[in-house]
Amino acid sequence: MSLGGMPARRIRRFIVAAVLAMPLAGCEYSGPDEPPAPSSPPAATPSAASFKDNISEVARLLEASPTDPGMPSEAEPAGKLSLELAPGDYLVTGACAGVYGAKLTLVKADGVPEVTSFECTSTLDRFFRHDGGPLTISAVPPTGSPAATGVKVQVNPDRRASQLEDLSDWAAQQLQPRLPGELRGTGSGNTTTTASLSAPPGQYELHLVCAGLPVAELSVSTWKGAEVLAPVQVPCGGSVFKAPVVLPTEGADLTMGPGGLDSRFAYRLVPRGQP
C-alpha cells in the first residue's frame, strides 16, 4: 500500500523523521506544578553553659571543690586568693570555662603584677619561687558570668622545676652583672653537655663558670662545625673562665663535660666588636 505513490516503508521513515525534527523548544509541560522540595530545618544552636555548669567545669579542671578558696562564686566569677606563704617553691594552677581564655596574675610583696594569659582548653600550671610573705593570685575572665575562673596554689610537686630554678638562680649570681648584648645560657647533666647560642658573626669574649666537677673540658665550634676554641681544661672552683672567640659564621655550639650528678654550667658570649 502506498501514499501518493510512495511505498509504505518510505512512509514510515518519513513520519519518524518528521517527529524527530520537531523543535524541542516548543514543548511545554502543562501538568500540575511540582511541590517545592522540603527545606532542611535550621541547625539547632547549642545552648550556652550556665554559670553553675562553668563553676563545675573549673572545679573539675582544678580537681577541687566548688566551695574551695580561689573558686568562683555567685557573687564573683573570678577566682582570687590572698594569703601569706612561707619561703619556698610553689605551683599555681589556673582554670577557666565558658570563655576562650583568661589571665592569671601574681602580685608579691613588691606590688608588681606578673601576668600570664592562658586558654580554657586546659589548666595553666605556673612554677614560682617565693621569698615568703603576702601573695595575691587571681584568674580573671575577659567577661563576667556565665564565664568562670578559679585558682589554687600548692607546694611545688615537681623536683625538676625546682632544680631548674636553682640552676637559674645560681647562674644569675655567677654571671653578674648583665652586660650589653650578651647571650647567656645554663646547662647540667650526667654526661657531656652541648649548648647552642644564636650569635651573629663577630668577635666575642666567652665567660664560663662550672661547679660540681673538679675540672671541665670546654670547646666551641660554629653551627657549621668549624672549631673556634680548641678543647681547654677549665677549673670548676667558682671563678669565671674567659676566652676570646671569633665567629666567622652565625651560631656557636659549646661542648662542656664530662658531666655528673651535681655538674652545672653558666656561660655567655659578650660582643667585643666586629671583625
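Visitor: Is Cys 96 buried or exposed in this model?
Guide: This is a predicted model, where local features need pLDDT of at least 70, side-chain atom pairs count only at pLDDT 80 or more, and totals for chains, interfaces and linings use all residues. Residues are numbered from 1 along each chain as its sequence is written, and side-chain values use heavy atoms, with hydrogens and water left out. Buried means under 20% relative accessible area, exposed over 50%, and partly exposed in between (1.4 Å probe, protein chains only). Cys 96 has 1% relative accessibility, so the verdict is buried.

Visitor: Which residue does Cys 96 pair with in a disulfide?
Guide: A disulfide here is a pair of cysteine sulfur atoms within 2.5 Å. For Cys 96 the S to S distance is 1.9 Å, and the link is left-handed, with -115° about the S-S bond. It ties together distant parts of the chain, 24 residues apart, running from strand β4 (residues 88-97) to the loop between β6 (113-119) and β7 (124-130). The partner is Cys 120.

Visitor: And what is the relative accessible area of Cys 120?
Guide: Cys 120 falls on the buried side of the cut-off. Its value is 15%.

Visitor: Which way is the disulfide of Cys 210 and Cys 236 turned, left-handed or right-handed?
Guide: The sulfur atoms of Cys 210 and Cys 236 sit 2.1 Å apart, and both residues are buried. Cys 210 is in strand β12 (residues 202-211), while Cys 236 is in the loop between β14 (227-235) and β15 (241-247), 26 residues away. The torsion about the S-S bond is about -100°, so this disulfide is left-handed.

Visitor: What pattern do the disulfides follow?
Guide: The count comes to two disulfides. With bonded cysteines counted along the chain, the pattern is 1-2, 3-4.

Visitor: What is the strand order in the open sheet of three strands?
Guide: Helices (H or I, at least four residues) and strands (E, at least two) are DSSP runs, numbered from the N terminus, and two strands pair if DSSP finds at least two bridges between them. In this sheet the pairing is antiparallel, and β7 and β9 are the edge strands, each pairing on one side only. β4 and β7 pair over seven bridges. The order is β7-β4-β9.

Visitor: Which helix packs on that sheet touching β4 and β9?
Guide: Contact means heavy atoms within 4.5 Å; axes are lines fitted to C-alpha atoms, for helices over the stretch in contact, with angles from 0 to 180 degrees between N-to-C directions. Helix α3 (residues 159-174) touches β4 and β7, at about 50° to β7. The helix touching β4 and β9, with its direction at about 150° to that of β4, is α2 (residues 51-62).

Visitor: What is the relative accessibility of Gly 150?
Guide: Gly 150 lies in strand β9 (residues 148-155). Leaving out residues up to four places away in sequence, it touches Val 58, Leu 62, Thr 93 and Ala 139, among others. Gly 150 counts as buried, at 0%.

Visitor: Why is one side of β11 and of β14 left without a neighbour in the sheet?
Guide: Four strands form this open sheet, in the order β11-β16-β13-β14 with antiparallel pairing. Inside it, β13 (residues 215-222) and β16 (residues 252-257) pair over six bridges. β11 (193-197) and β14 have one free side because each stands at an edge, with a single partner strand.
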